[in-house]
Structure formats: C-alpha cells, structure tokens
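Let's take a friendly walk through this structure together. Keep the picture at hand as you read, and turn it whenever a new part comes up.

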Amino acid sequence: MSNLSKLIIPLFVLFVVFYAFRKKVMIYDTFLEGAKEGLITVFHIFPSIIAMVFAINIFLNSHLLETMFSVISPLLEKINLPLNILPMAFVRPISGTASLAIMNDIFTNFGPDSFVGRLASTIQGCTDTTIYVLALYFGSIKINKTRHALSTGLFADLIGIIASFIVVSLIF
Amino acid sequence: MINKIWGFFIIVGILFTIFFGNVSELNDTILNSATNGVGMVMDLLPIIVLWAGIMKIAEASGILVKIGNIVKPLLSKLFPSLKKDSKALGYITSNICANALGLGSAATPFGLKAMESMQKENKKKDEASDAMITFLVLNTSGVTIVPTTVIALRMMHKSANPEEIIITSILATVCASIAGLTLDYIRRKRKEK
C-alpha cells in the first residue's frame, strides 16, 4: 500500500510533464508562471495562518479540553485517539487553515508518523470546508432554502472521519 | 461563523488559563504564536510553489479537458435531472476534476458557473434544486489526489514517508462520497413519493 503511495507523485509529475511536452507546451516558462502564482497564494494565506495559529495555540495550550474530557480520556487513549483530534474534526468543515494549524500542532506534539499524526493527515486530506463552500456557492446565486444540502454534506464529512480512523488503523 | 469560532478559541482559551492554568505560559503562547505561524508558512512555501508550477503545466496542456471527457459520462448518471449535453454538467465535470488535481483556485470559478447554470433550470429560485445538492455533496466530499499542504507539513516534521497518507486519504474520501451520495439519493426519492 505505502509503495503505491510512493509512486503517485513521481508518476503524476512524469505524466503531466510528458503530456505537456508532447502537446508542445512551453513547459519551463509555464512552470515559472505557475510558481509565481503559488508564491502569491502563500502570500495571501500568510495572515490567516498567523491568525489561526494564534487562536488555536491559546485554546489548545489552555488544556480546557483535557479538563472537560478527563472522564472519558482514558477510554480515548485506549483506542489510541488523542483529544486534539476533536477540535480538528470540529473546525474542519468551517476553516481549512484552522484544521491545518491543529494538525501542525499534533505533528509537533506526537510526530507525523504517530497514529494520531497519520489520522490527522488523512482527515485533512479527505474532507473539505463543507460549511464554507455551501455558503459561498449558495450565496452566489442567492439561494436561502438549502434543503438537505448541509446535513448531507456534514454526514459525508462524519463518515469520512470515521473511515479515516478505520483505514489508518487497518493500513498502518 | 469564522469570526465566532476565532473569538471563541481566544476568549475561552485565555479565561480558562487565567483561572485554572499557568499565566506565564500563556504569555509565551501568545508571543510565540506569530513565530509559529511564520514557521508554518515557511514549511508550506516550497511545496506549494513547486506544485503550483507543475499544476500550471497540467492546466496549459489541456489535461483537464481530456480527463473531463472520460469522467463526464460517469458523472451524468449522478445527475438524472440534468441533460447530458447541458452546460451545467460540463462545469460540474471541470470543477470536480480541478478539485481532484488540487487546482483549488481554478475549481471555484467552474463551481460558481455550474451553480449559475443550474439556477437557470431551477423552478424555485430561492430553493436549492436536486442537482445543486448532489453537486455540493460531491464537491465537499471530493477527492484531492495529492494533498500538497498535508504532505509539505509532514515532510517538514521529518516524517519517514510524507506521502504515505495519499492512499488512506483517497480510501476515506471514497467512503465519504459514497455515503453522502447515498443519503442524498434516499432523501431525494423520499421527497418524490
């Protein structure tokens, strides 16, 4: 399985560059153009990352969660599930930057190759900012009766989180 | 929403630490958070820039159209209310493919166009149509083949295999998408009865 993961990036790069080369795209110049846009993207997300790391560090370092969940935390530890995954799952549908900041905190404290590190990575990779996307897309065409869109989207996220837990437990 | 959550984290975090925690630690946390934030941006920077370059090549080569042609017939089955040659279906395809390739900034305009053309066929203008809901469920549970930000941060935290979470993410996404689409289908059918 992990060998398959190893192949994805090299094959992807090979495919893209080879395909574009055959289509006679000016690949080098296009790469530079894209890299420049990437630089601008990073520049744009800079303030929101500072803002989110600030708020999330204060919250996580207050140890409020540990106090609140002290009753059930031995149970969670037994199934290898540190508490920090809870706020991450909670903010994931609202803000990608916030959940990224929590994931970064998990990496710092437990390491990216720990169970919770892999779980956080998988959750971040498999779900999206559902609430934000819905607000943006429905807002753009002025729809306010969204019927079962939100609950279905959040249900899919929940299943994604549960599936992440199962898949990471099984594969690693 | 985001304002409330941001405020909640800060207010609750500071109050709780003042009453039950270590205040000098709180000072360190506040003052160091900007440094941590800059560190995180610097961790993300190289991979985001590199990947943006590669994805620009993908975009310029017209791969998106090519993949779209393969995916479109499959997607049209999920949208029984849309005609096979409708513009909306084309935009939906482009949006899903761009998302899968991690072209977030390219995906959003396609998504907005898809909503716009579905709105034209929508009978109740203030209410979401079946197709819109299916599209959004698919979009928000959709797969990104290479989650670059996650890989970048794993790499910077010295993971032995930063890319090992690609497969787990894809598997979890497939579960989420199937669950979302199934629930959407059930609720759509129940309404029709």
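## Where the two chains meet

Chain B and chain A bury about 8,300 Å² between them, and carbon and sulfur atoms account for 77% of that area. If an area seems an odd way to describe a meeting place, remember that the size of an interface is often given as the accessible area lost when the parts come together. In chain B, the residues that lose the most area to chain A are B:Phe9, B:Ile57 and B:Thr140, yet together they make up 9% of what that side buries. Please keep in mind that this is a predicted model.

How many residues of each chain are in contact? There are 97 on chain B, and they touch 93 on chain A.

## Charged and polar links between the chains

Now look for the pairs that link one chain to the other. Between chain B and chain A there are six salt bridges, while the structure holds ten over all chains. One pair to find is A:Glu33 with B:Lys56, a salt bridge whose closest N and O atoms are 4.0 Å apart. A:Glu33 sits in helix α2 (residues 27-61) of chain A and B:Lys56 in helix α2 of chain B, so this pair joins two chains.

Another salt bridge pairs B:Arg154 with A:Asp113, and here the closest N and O atoms are 3.2 Å apart. The chains also share 25 residue pairs in polar contact, counting pairs with both residues at pLDDT 80 or more.

Which helices of chain B each supply at least two residues of the side that touches chain A? They are α1 (2-20), α2 (23-61), α3 (63-78), α5 (104-121), α6 (130-140), α7 (148-156) and α8 (165-192). The helix that gives the most to this side is α2(B), with 26 residues. Sorted by class, the side of chain B that touches chain A has 55 nonpolar, 27 polar and 15 charged residues.

## The shape of chain B

Chain B has eight helices and zero strands, so to speak a row of α after α: its pattern along the sequence is α-α-α-α-α-α-α-α. Its radius of gyration is 21 Å, well over the 16 Å that the globule rule gives for 193 residues, so chain B is more spread out than a compact globule. Along its principal axes, the C-alpha trace of chain B spans about 65 × 40 × 25 Å.

## The shape of chain A

Turn to the partner chain. Chain A has nine helices and zero strands, which read along the sequence as α-α-α-α-α-α-α-α-α. With 172 residues, a compact globule would have a radius of gyration near 16 Å, but the value for chain A is 20 Å. The C-alpha trace of chain A spans about 65 × 45 × 30 Å along its principal axes.

## Two domains inside chain B

Chain B can also be split up. Its domain assignment gives domain 1 (1-46) and domain 2 (62-192). How far apart do the C-alpha centres of these two domains of chain B lie? The distance is 34 Å.

The domains of chain B do touch: four residues of domain 1 are in contact with five residues of domain 2. About 380 Å² is buried between domain 1 and domain 2 of chain B, and carbon and sulfur atoms give 82% of it. On the domain 1 side of chain B, B:Met40, B:Asp43 and B:Leu44 lose the most area to domain 2, together 91% of what that side buries.

Between these two domains of chain B there are zero salt bridges. The count of residue pairs in polar contact across their interface, with both at pLDDT 80 or more, is zero too. The residues of domain 1 of chain B on the side that touches domain 2 divide into three nonpolar, no polar and one charged.

Note on methods: Residues numbered from 1 in each chain as written. Chains lettered and ligands numbered in written order. Predicted model: local features only at pLDDT ≥ 70, side-chain atom pairs only at ≥ 80, totals over all residues. Heavy atoms only, no water. Domains from an automatic or database assignment. Contact = heavy atoms within 4.5 Å. Buried area = accessible area lost by both parts, 1.4 Å probe. Salt bridge = Lys/Arg side-chain N within 4 Å of Asp/Glu carboxyl O. Polar contact = N/O pair within 3.5 Å; in protein donor to acceptor, adjacent residues only side chain to side chain. Nonpolar A, V, L, I, M, F, W, Y, C, P; charged D, E, K, R; others polar. Helix = DSSP H or I, 4+ residues; strand = E, 2+ residues; numbered from the N terminus. Rg over C-alpha atoms; globule rule 2.2 N^0.38 Å.
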